[in-house]
Protein chains: 2
Amino acid sequence: MEEITAADCFAALGHPTRLGIYRALVRAGDNGAPVGMLQETLGVPASTLTHHIQTLARAGLVKQERDGRVLTTRADYEQMRGLLDFLTDDCCQGLGHLFKDDAA
Amino acid sequence: MEEITAADCFAALGHPTRLGIYRALVRAGDNGAPVGMLQETLGVPASTLTHHIQTLARAGLVKQERDGRVLTTRADYEQMRGLLDFLTDDCCQGLGHLFKDDAA
DNA sequence: GAAATATTTCGATAATTCTAGAAATATAGT
DNA sequence: ACTATATTTCTAGAATTATCGAAATATTTC
């Protein structure tokens with residue numbers, strides 16, 4: 001993953017509401033969740049929610065798919081994996097011993 | 001790691017200059033790097049640099065230690081580990097198979 | 001095609017963050 | 001005490017981000 005892309009992902013996750021959205025989507029699993037459901041879960045006005053979801057989508061952390069009136073959003077696990085790889089392999093290169101193994 | 005702390009860490013890393021600072025500090029290793037060295041490496045004015053370093057420090061991603069006139073900054077690997085754990089264990093709970101193992 | 005539903009875009013304001021020069025502070029050496 | 005060095009704080013303007021109601025768009029159902 002490019003450093004710029006990683007920074008975009010971090011910035012996207014660096015807002016409480018957006019981190020909450022992302023976590024809700026992970027919990028929702030492969031089915032994802034429609035905007036309306038997130039709206040109920042998180043108690044954020046629709047237009048605000050749309051903007052946050054778009055920020056996550058621009059960073060590639062979520063994907064959206066329309067099915068009729070309902071726009072379903074899903075977490076993109078590949079992007080998250082890429083972000084984790086960036087952290088462990090690229091950004092913190094040589095510190096794998098600190099991160100990958102447990103039993104510190 | 002608390003969700004709020006994680007969001008603070010993400011926000012801190014979500015800026016190209018700060019991500020660059022953090023990576024430079026990881027490369028610098030346990031010795032860390034003084035502000036002046038980062039200034040040369042990254043070509044950022046001192047006052048701007050100070051603010052970015054403070055943002056990283058507030059998020060707990062770096063620590064500073066004064067030695068005479070020189071203020072040395074070091075990456076705090078424990079915090080990074082906490083952040084990675086947050087992602088793999090808490091935020092993306094149940095998706096460990098995607099992240100921890102390789103050979104996808 | 002009108003009404004209902006789901007979501008986005010528009011538009012405007014408020015809030016925050018970013019940037020960086022200048023002045024201030026702290027320390028060290030002379 | 002004076003000078004040089006390292007870094008921070010002050011300050012202010014610019015830029016970006018956040019918020020959300022209202023209007024607009026798209027889709028389904030009747």
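How many helices and strands does chain A have? Chain A has 6 helices and 3 strands. Helices (H or I, at least four residues) and strands (E, at least two) are DSSP runs, numbered from the N terminus. This is a predicted model: local features need pLDDT of at least 70, side-chain atom pairs count only at pLDDT 80 or more, and totals for chains, interfaces and linings use all residues. Residues are numbered from 1 along each chain as its sequence is written, while chains are lettered from A and ligands numbered from 1 in the order in which they are written.

**View 1. Chain A as a whole.** From the N terminus on, its elements run α-α-β-α-α-β-β-α-α. The C-alpha trace of chain A spans about 50 × 30 × 25 Å along its principal axes. Of its 104 residues, 31% count as buried (20 or more other C-beta atoms within 10 Å of a residue's own; exposed means 12 or fewer, partly exposed in between; C-beta atoms are placed from the backbone). Take the contacts in chain A between residues at least 6 apart in sequence: 50% join residues at least 24 apart. Contact means that two C-beta atoms, placed from the backbone, lie within 7 Å.

**View 2. Helix H1 of chain A.** Of the 11 residues of H1(A), 8 are buried, so the helix is largely enclosed by the rest of the structure. The buried residues are A:Ala6, A:Ala7, A:Asp8, A:Cys9, A:Phe10, A:Ala11, A:Ala12 and A:Leu13. Their cover includes H2, H4 and H5 of chain A, together with H1 and H2 of chain B.

**View 3. Where chain A meets chain B.** 23 residues of chain A are in contact with 23 residues of chain B. On the chain A side, two or more residues each come from helix H1 (3-13), helix H2 (16-28), helix H5 (77-91) and helix H6 (96-99). H1(A) gives the largest share, 7 residues. By class, this side has 18 nonpolar, 2 polar and 3 charged residues. Ala, Val, Leu, Ile, Met, Phe, Trp, Tyr, Cys and Pro count as nonpolar, Asp, Glu, Lys and Arg as charged, and the others, Gly among them, as polar. The copies meet through the same surface, because 100% of the interface residues of chain A are also interface residues in chain B.

**View 4. The two copies superposed.** A turn of 180° and a shift of 0.0 Å along the axis lay chain A on chain B with an RMSD of 0.0 Å. That is the relation of a two-fold axis. The fit is by least squares on the C-alpha atoms of residues with pLDDT of at least 70 in both copies.

**View 5. The surface near DNA strand D.** 20 residues surround this strand; the closest are A:Ser47, A:Gly68, B:Pro34, B:Gly36 and B:Ser47. Near means a C-beta atom, placed from the backbone, within 6 Å. Helix H4 (46-58) of chain A gives two or more residues, as do helix H3 (35-42), helix H4 (46-58) and strand E3 (70-75) of chain B. The classes are 8 nonpolar, 10 polar and 2 charged.

**View 6. The surface near DNA strand C.** Here too 20 residues surround the strand, the closest being A:Pro34, A:Gly36, A:Ser47, B:Ser47 and B:Gly68. H3, H4 and E3 of chain A and H4 of chain B each give two or more residues.

**View 7. Helix H4 of chain B.** B:Leu49, B:His52, B:Ile53 and B:Leu56 are buried in H4(B). Seen down the helix axis, the buried residues fall within an arc of 100°, so they line one face (the arc is that of the directions from the axis to the C-beta atoms). They pack against H1, H2, H3, E2 and E3 of chain B. Just after H4(B), B:Gly60 takes a positive phi of about 85°.
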